[in-house]
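Thanks for coming, everyone. I would like to walk through one model this morning, beginning with its backbone and then turning to its interior.

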Amino acid sequence: MKRWVCLAVFTLGVAASAQVLKIAFDAADLRTLDPHYASATMDRAVVDMVFNGLVRYKPGDITVFEPDLAERWEVSPDGKTWTFYLRKGVRVHPFTGALDGYELTSEDVVFSLTKAADSKTSAYAGEYAGMTFAAVDPYTVTITLPQALSPSLFLPKVADYAGGFIVPKRAYEALGEKFATNPVGTGPFRFVRHVPAQKVELAAFAGYFRGKPKLAGVEVWYMPDVTARLSALATGEVHLIEGVREQAWVDTVKRMRGLVVDVFGPGETHILHLNMTKSPLDNPIIREAIAYTLSRTELIQAIGPDLAEPLCGVVPTYLAGGLSCDEAQARGVFYEADLAKARALLAQAGYPDGFSLSAYITERASYRKPFENIQAQLARVGIKLEIKVTDHSSFHSLIRQDVNPLVHYEAWRPSADAFLTRFYHSASIVVTGAKPDTNFSHITEADALIEQARAALEPAVQAALWKDAQEVILRRAAALPFYVLKFVFARSDRLDYGYELKSTLALYPPINELTSLK
Amino acid sequence: MGSYVLRRILVAIPALLAAYTLVFLFIRVAPGDPAVAALGDYASAEAVRALRERMGLNDPLIVQYGRGLLGYLGGDLGRSLITGIPIGTQVASVLPHTLQLTFAGLLVGILLGIPTGVLTAVKRNRLPDYLGRTFALAGLSVPAFYLGILLILAFSVRLRWFPVMGSGEFSDPWANLRHLVLPALTLGIIMTAFVTRMTRSALLNVLREEYVRSARAKGLRERTVIYLHALRNALIPVVAVVGSQAAVLIGDSVMTEIVFTRPGLGRLMVQAMNQRDYIALQSMIVLYAGLVVVINLVTDLLYGVVDPRIRYD
């Protein structure tokens, strides 16, 4: 009898603990859980589960916006004032000072947006420059813009991403500096504790406005070793892991019983930026020769066809204004390897035997491996590329000091405007720009089109202008787009996300109130 | 002995100051920016500038240097530039795990290494000697991360005896012990190799001494000669190796901590280095230097225990 009782207790214990989902990320520890600073994948994952935006990207599909904390919204005829009507009864997680939490109102929303717009309390302040926020009544908020913006440019700023996450005022003020490691929000899971260099524990928030989550909680583990992550997944100690973005790894895991590999978007663009101020790349014929030397197909083959999709414009096609390969071809800015043509162009530019370049690259495989492939391809026309491998942090510092003639960059940005402004507007030129950012090529010719597109309200007109801007950039061969690298996670087949996963801005398969373990 | 200990502590102060100064300067010379590391590449240059200001990185170097030093004098290790968590809190949370792993590794090394060393010395140039030396050579050659993965695949994935990840809570000793076994074996097998080789060579030297011959001539049993007379004298260099390796193990445990997803000082240090978390890194290096000083002191004091002829005046 006693044995049966023990077995029953044990079984119940297993069943209860099985409802805590464990995710393992390729990270040593968290950095910050203040949503207005969180940028790394493992931090965004926690933030995504703890906070909400006024609107949200439909789970698993970033092409659709739907209500989140706001149940509806409208824009004034001049396009400058947006009004959001908040849901009633949205509860903030319990925290010291409000053990039952409290109801989220417009006061919190105004506070949060003001925080997001302040460079002292947010990394995304630039996104909200010139905006004013006002609480009309407890459930109505207005946002006034300095200039009208199209929905595709404005809604991401108030969505469940970066500065759009709503931070409850009283919790932030009560916790002060501790908020960054002890976040309080309104999402389906509430923060429980952080074990340094090991994990973060979250518990289901029973008062979540969409209903109590099916899971009892979530543990986010920091496991930098991929073999350990996969071993833990194989033994059932974790249910979801960040994978390796390599075809061989994907193929191996696909063969393992009980495991499923998810390859999903939006992915990150891989683009080679050619510094137009460094000799001999200051000669457009040389840049064109490089464009005709490098084979996109070969690069994609090396990365893995399951993981990489061809990219022919500098804005990917999953965003409004993205340029497809057919469109690039129609506009005469589609480059594919033609070595005879490349050699002829080099000879025309006075370099029949090629030349030498030297460039830094980060040790990270997703950058280093394609760069080594580029090195091998360039050698076919006599261009000797010396690669200097450094750590990731140093790489980012060095390329921002304008030391590289070629910059291979992996990036995700939430809109065509963000891609074009930050990589191709003259204000963003590294070191010398008005607001130095990531314009590594020093191109200036696309400024007018980028600015016109930003001001356009008609979606079709705006998209056309973004495509025109890309045509200018590609015609100058300032940047060579190669592919979009998708994200890879592996999971137990017991894990059901509760939605169809196609693409996600959180850069991990979002876990929400519908997620369950079978 | 009290004055000896005090003298050693006073001598350690310049060493700690030198460690702080060197790491303070070197990490700032290296390219990389903690603000960029904290914010990620998506953040604008304006946001990076604002964060650098908030982090105090725009202050003159001498001000930053003095700020750190004053903090240490007041017992404050500062706050992480990246997470804002007090470094003292972070260290306090992981140091018990690091010390536990290090001492468990040492224990495995001593418990396996000394008997193996004795066996290989006594059975010199015979099969047990060859096997023991081969084991020692293998232990010295295999990297910790590789050995750790092999142990995980064998004992966690295949046999399911031990968990793959985590350290378990100290409040649950059984779970804590289960989490400790494989990491301790990983470090311990490597440590065993050092101890075996040192014990063997020290014992072989001692066994050639005249007092050993005298003991045998008196008709003492071989076991008594080895364990009571020879081994005790052979242990002094072994203690030295164990002491120096204890300090090395704390640093070396980083790969074991990563493979087994254990919190630990080494892992925190590597993370601080990658993220250019200047404050965390310099504080942890100073702390690590302090630990080395303490371990060396304890090792020196242990000589006196092993050999009573050694006095500390």
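**Backbone geometry and the nonpolar core**

Let me start at A:Pro280, which sits in the loop that runs between strand 12 and helix 8 (284-293) of chain A. Please keep in mind throughout that this is a predicted model. The peptide bond leading from A:Ser279 into A:Pro280 is cis, its omega being near 0°, and a second cis bond links A:Gly265 to A:Pro266, with omega about 10°; A:Pro266 itself belongs to strand 12 (residues 259-274) of chain A.

Most residues other than glycine have a negative phi, and most peptide bonds are trans. Against that background, A:Asp402, which is not a glycine, shows a positive phi of about 65°, in the loop between helix 13 (392-400) and strand 16 (406-411) of chain A. A:Val431 likewise has a positive phi, about 70°, and it counts as exposed because it has 12 C-beta neighbours inside 10 Å.

Now to the interior, where the largest nonpolar core has 238 residues, with A:Ile23, A:Leu420, B:Leu39 and B:Met284 making the most contacts inside it. Helix 8 (residues 173-207) of chain B supplies the largest share of this core, 15 residues. Beyond its close sequence neighbours within four places, B:Leu39 is in contact with residues of both chains, including A:Tyr37, A:Ala123, B:Val48 and B:Leu51.

Finally, is B:Thr186, in helix 8 of chain B, buried or exposed? B:Thr186 is buried, because 28 other C-beta atoms lie within 10 Å, and the residues that B:Thr186 touches include B:Ala144, B:Leu151 and B:Thr256.

Key: Residues are numbered from 1 along each chain as its sequence is written. Chains are lettered from A and ligands numbered from 1 in the order in which they are written. This is a predicted model: local features need pLDDT of at least 70, side-chain atom pairs count only at pLDDT 80 or more; totals for chains, interfaces and linings use all residues. A nonpolar core is a set of buried Ala, Val, Leu, Ile, Met, Phe, Trp, Tyr and Cys residues joined through C-beta atoms within 7 Å. A residue is buried if 20 or more other C-beta atoms lie within 10 Å of its own, exposed if 12 or fewer, and partly exposed in between; C-beta atoms are placed from the backbone. Helices (H or I, at least four residues) and strands (E, at least two) are DSSP runs, numbered from the N terminus. Two residues are in contact if their C-beta atoms, placed from the backbone, lie within 7 Å.
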